[in-house]
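Please open the structure in your viewer and keep the selection tool at hand. This tour proceeds from the whole protein to a group of helices and then to single residues.

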Amino acid sequence: MIQKKKEKTNPSKKGSKLEDLTVDLLRRLSKEFGFRNEKLRRQNSSLQFGKDIIWKFRFKSGEKTERYHWVIEDKNYDTTLTPQLLGHKLDQAHRSSINTPIDNFVLFSPKQAVNNDYSETVDAKKSPYTFGVVFWTPDEEIEQLIQCFPDLYEKIYGSSSSISEKDRTETLAYWKERILEEAAKGASIRLEKVSAKQLSGDKTAVVIDQPAAKQLLQETTEAALQTSQTRNITKTTTNDIADPTEKGLIGVEIDEALALLDGGKIQPALTSLFTILGKVQGNNNLQHELARTCNNIGVAYNRLGQNEDAVQYFRKALEAEKGFVVPATNLASTFIVQAELSDGVKEKVQLLDKAAKIIDPLMTDFHQGFEGTVLHSYLRLLK
């Protein structure tokens with residue numbers, strides 16, 4: 001008897017199915033809770049930027065009508081969600097929210113919780129984002145909510161479930177109150193942080209005297225000059241810094257993240273680096289800090305073996321600061337690593353050609369010694 005092979009589920013189809021079910025869930029919740037949906041739709045896969053679904057809704061309480069804008073990121077994973085994955089999505093949502101403010105970013109993961117390393121960093125007081133971050137995960141009782149709709153439950157979890165009318169009524173009442181509280185909290189974060197950025201010129205408000213700030217920056221710069229290649233030597237001096245307080249403090253945070261990275265604690269380092277990324281993006285006075293941060297996210301991804309993600313962030317570093325040699329050497333080295341790992345001759349040639357196009361102009365600019373710089377970077381990436 002010939003047995004039929006079990007077909008593997010296409011990950012993109014699996015994710016698309018969950019997005020359809022999520023829209024259905026939100027539509028049903030809106031009807032149950034008396035929300036009026038102004039926009040509820042999936043995003044085009046090429047235009048998501050950290051959000052699978054846009055949910056704009058309004059709720060009338062007495063004479064007052066409140067409007068909210070949420071974005072939902074779906075993850076239909078069976079393994080624990082890592083900090084780097086969530087951080088990457090938050091980074092995309094943050095960039096998107098600069099032009100279109102949002103109240104809440106919701107991670108909808110019905111089967112898996114978020115790694116604790118990252119869940120602790122999205123505390124509203126510490127978060128660099130101008131929106132609230134909400135987890136709809138098993139540890140946040142999302143399964144109990146879905147249980148209120150047995151047909152959706154079976155489609156998401158693959159098994160049947162039943163709930164008494166009393167429990168259903170209590171669960172829906174609890175979730176209505178919770179969603180409205182999260183909506184109000186997210187709107188408050190957006191208004192508070194956006195206003196603070198406008199008032200301070202998009203700078204972090206820190207109470208510290210200027211002499212102390214300059215001393216801190218000087219110590220940070222001196223420390224950076226003594227570190228290894230991945231520490232991205234800072235060339236800026238106190239004479240050409242618009243805000244030494246902010247640059248100094250961000251520099252300290254980057255160095256702390258790099259200490260984790262050099263110590264082999266890659267996931268905590270990524271968590272810290274993505275938090276820093278949220279602070280420095282969109283601030284023209286922190287372009288070098290943005291470049292350093294992106295470069296080191298690339299190094300972290302490289303050490304995890306995620307070379308495509310590494311390439312993406314090395315390029316972001318170069319976009320932030322075109323003359324920054326460190327991410328250029330790291331990018332060239334990554335192409336060399338990818339070429340070594342490739343089995344195809346054509347792909348090897350293409351990757352080595354990409355590396356050569358980076359190295360050749362830099363060799364012309366820097367003449368002697370650059371071969372050693374590329375080699376040093378290459379060897380570090382192999383660790």
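The stops below say what to select and what is found there.

**Before selecting**

This is a predicted model, in which local features need pLDDT of at least 70 and side-chain atom pairs count only at pLDDT 80 or more, while totals for chains, interfaces and linings use all residues. Residues are numbered from 1 along each chain as its sequence is written, and side-chain values use heavy atoms, with hydrogens and water left out.

**Stop 1: the whole protein**

Display the entire protein as a cartoon: it has 14 helices and five strands. Here helices (H or I, at least four residues) and strands (E, at least two) are DSSP runs, numbered from the N terminus. Of the 383 residues, 48% count as buried, a term for under 20% relative accessible area, with exposed meaning over 50% and partly exposed in between (1.4 Å probe, protein chains only). Now show the surface: about 19900 Å² is exposed, and carbon and sulfur atoms supply 51% of this area. Such areas come from the Shrake-Rupley method with a 1.4 Å probe; for residues, only the protein chains shown count as cover.

**Stop 2: α9 and α10**

Two packed helices are described by the angle between their axes and the distance between the axes. Axes are lines fitted to C-alpha atoms, for helices over the stretch in contact, and angles run from 0 to 180 degrees between N-to-C directions.

Select α9 (residues 266-280) together with α10; their axes come within 9 Å and cross at roughly 155°. The two helices are therefore roughly antiparallel; angles over 145 degrees count as roughly antiparallel, under 35 as roughly parallel, 65 to 115 as roughly perpendicular and the rest as oblique. Contact means heavy atoms within 4.5 Å. Among the residues that meet are L270, L273, F274 and L277 in α9, and L290, C294 and I297 in α10. The residues of this contact divide into twelve nonpolar, two polar and two charged. Ala, Val, Leu, Ile, Met, Phe, Trp, Tyr, Cys and Pro count as nonpolar, Asp, Glu, Lys and Arg as charged, and the others, Gly among them, as polar.

**Stop 3: I297**

Is I297 of α10 buried or exposed? At 0% relative accessibility, I297 counts as buried. Leaving aside neighbours within four places in sequence, I297 is in contact with L270, L273, F274, L277 and Y313. Select A257 as well: A257 and I297 are 40 residues apart in sequence and 9.9 Å apart in space, C-alpha to C-alpha.

**Stop 4: α10 and α11**

Add α11 (residues 307-320), whose axis comes within 7 Å of that of α10, with a crossing of roughly 165°. That makes α10 roughly antiparallel to α11. The contact includes L290, C294 and I297 of α10 and Y313, F314 and A317 of α11. By class, this contact has eleven nonpolar, five polar and two charged residues.

**Stop 5: α10 and α12**

Next, select α10 (residues 287-303) with α12 (residues 325-341): they pack at an angle of about 25°, with axes 10 Å apart. That makes α10 roughly parallel to α12. N295, V299 and N302 of α10 make the contact with V326, P327, N330 and T334 of α12. Three of these residues are nonpolar, four are polar and none is charged.

**Stop 6: E141**

Finally, select E141, in the loop between β5 (132-136) and α4 (142-146). Phi of E141 is near 65°, a positive value in a residue other than glycine. E141 counts as partly exposed, at 37% relative accessibility.
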